[in-house]
Amino acid sequence: MSTVVKVSAFAAALVAVFALAWAIGSAVGPLDEAPPQTGEHHGHHPGGTP
């Protein structure tokens, strides 16, 4: 197996891995977003006031 074939196979595998990771990431979406707030309580109130 020649060096050109080995490098081409490696590059193709690398592209396939990144494409798969991109597709999964697009399907899942961002992980750092907070879920929407529901209900009356909307977080901490400064000064101890409820």
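Start by selecting Leu20, Ile24, Val28 and Leu31: together they make a nonpolar surface patch with about 450 Å² of accessible area (Shrake-Rupley method, 1.4 Å probe). Patch members have over 30% relative accessible area and no salt bridge (a side-chain nitrogen of Lys or Arg within 4 Å of a carboxyl oxygen of Asp or Glu), and nonpolar side chains are joined within 5 Å. You are looking at a predicted model, where local features need pLDDT of at least 70, side-chain atom pairs count only at pLDDT 80 or more, and totals for chains use all residues. Residues are numbered from 1 along each chain, and side-chain values use heavy atoms, without hydrogens and water.

Next, stay on Val28, which is exposed (over 50%) at a relative accessible area of 55%. Val28 belongs to helix α1, residues 3–28 (a DSSP run of H or I, at least four residues).

Now colour all of α1: its 26 residues reach 38 Å from first C-alpha to last, close to the 38 Å expected (1.5 Å times one less than the number of residues). Step just past α1 to Gly29, where phi is positive, about 95 degrees.

Finally, zoom out to the protein chain. You will find one helix and zero strands, and 0% of the 50 residues are buried (under 20% relative accessible area).

Methods. Helices (H or I, at least four residues) and strands (E, at least two) are DSSP runs, numbered from the N terminus. Buried means under 20% relative accessible area, exposed over 50%, partly exposed in between (1.4 Å probe, protein chains only). Patches are made of residues with over 30% relative accessible area and no salt bridge: like charges are joined within 9 Å, nonpolar side chains (Val, Leu, Ile, Met, Phe, Trp, Tyr) within 5 Å.
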